[in-house]
Amino acid sequence: MKVQRLMSRDDQERWDRQYAVAQAPGGPSHFLAEILSAEAWSIPPGRALDIACGMGRNALFLAARGFEVTALDISAVALAEARRRSLARSLAVSWQQADLEQIHLPRARYDLIVNCNYLQRSLIPQIHGALTIGGHVIFETYLIDQKEIGHPKNPEYLLAHNELLDLFRACRVLYYREGKFADDGESSFRAGILAQKVV
Ligand SMILES: C[S@@+](CC[C@H](N)C(=O)[O-])C[C@H]1O[C@@H](n2cnc3c(N)ncnc32)[C@H](O)[C@@H]1O
């Protein structure tokens with residue numbers, strides 16, 4: 001437990017340093033935006049949780065679409081920028097600094113959970129538990145093939161082929177894709193899933 005706390009504090013400092021020199025991202029995740037605008041699935045506004053929200057591009061997108069958004073991240077620097085952007089756009093988001101390695105998510109609380117470019121496998125049961133019945137999860141991050149062409153390189157942060165299907169096997173899978181995509185700028189190997197909690 002002590003070791004985990006120290007690791008997370010290191011994580012926070014590392015991410016704070018990166019965000020201190022980072023440019024605010026442009027639009028939301030392409031994968032998220034495509035799913036929410038697709039006619040194939042109707043995901044109505046409700047309570048949403050953005051996991052590891054960074055500077056808030058996805059949380060802001062959801063708030064603009066009428067979701068009541070809670071957004072969590074460990075980096076105070078990223079959250080300060082996210083808060084500034086939400087004030088500038090008069091969008092209400094509950095920005096909360098949290099260490100996801102330590103967190104207990106509330107049960108059956110969210111109609112939509114978004115997790116983009118962050119992989120903490122131990123959080124999956126909590127994500128499932130935090131969804132309402134009928135609630136959706138949109139999860140997208142890097143695939144193992146990514147280490148051959150760029151970052152991340154650590155397999156701990158990379159999904160195996162088909163792994164998301166396995167991690168969300170308790171849900172109804174509505175959409176899944178994996179491969180090399182250029183939709184958020186530079187090409188990267190990614191896997192993404194839209195799944196619905198049914199029980
Ligand atoms: C690659 S960024 C993704 C940001 C955002 N989801 C996006 O797609 O723009 C990963 C994020 O995870 C956050 N993070 C890393 N470890 C964390 C932890 N233990 N608890 C909470 N957030 C963490 C970082 O601060 C960073 O904002």
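This note concerns the ligand and the pocket that holds it in a predicted model.

1. Location of the ligand. The ligand occupies the space of the largest pocket, whose volume is about 1600 Å³.

2. Residues around the ligand. The shell comprises 17 residues, of which Tyr19, Ala52, Arg57, Asp73 and Cys116 approach nearest. By class, nine residues of the shell are nonpolar, four are polar and four are charged. Two helices, α1 (2–20) and α3 (57–64), each contribute at least two residues to the shell.

3. Polar contacts. On the side-chain part, a polar atom of Tyr19 is placed 2.6 Å from a ligand oxygen atom. On the backbone part, an N or O atom of Ala52 lies 2.6 Å from a nitrogen atom of the ligand, and a backbone N or O atom of Ala98 lies 3.5 Å from a ligand nitrogen atom. Taken on its own, the ligand has 590 Å² of accessible area, and the protein covers 90% of it.

4. Lining of the pocket. The largest pocket is lined by 45 residues; Trp15, Tyr19, Asn117, Tyr118 and Tyr142 are those nearest its centre. Tyr19 thus appears both in this group and among the residues that come nearest to the ligand. The lining divides into 20 nonpolar, 12 polar and 13 charged residues.

5. Elements that form the lining. At least two lining residues come from each of α1, β1 (47–51), α3, β5 (131–142) and β7 (188–196). Helix α1 supplies the largest share, with six residues. Helices α1 and α3 also each supply at least two residues of the ligand shell.

Definitions and conventions
Residues numbered from 1 in each chain as written. Predicted model: local features only at pLDDT ≥ 70, side-chain atom pairs only at ≥ 80, totals over all residues. Heavy atoms only, no water. Near = heavy atom within 4 Å. Polar contact = N/O pair within 3.5 Å; in protein donor to acceptor, adjacent residues only side chain to side chain. Areas by Shrake-Rupley, 256 points an atom, 1.4 Å probe, with all protein chains shown as cover. 1 Å grid on protein atoms, 1.4 Å probe; cavity = no way out; pocket = protein on both sides within 12 Å on 5 of 7 lines; lining within 4 Å. Sits in = over half its atoms within 2 Å of the grid points. Helix = DSSP H or I, 4+ residues; strand = E, 2+ residues; numbered from the N terminus. Nonpolar A, V, L, I, M, F, W, Y, C, P; charged D, E, K, R; others polar. Points joined across faces, edges and corners; volume = space filled by probe spheres on them.
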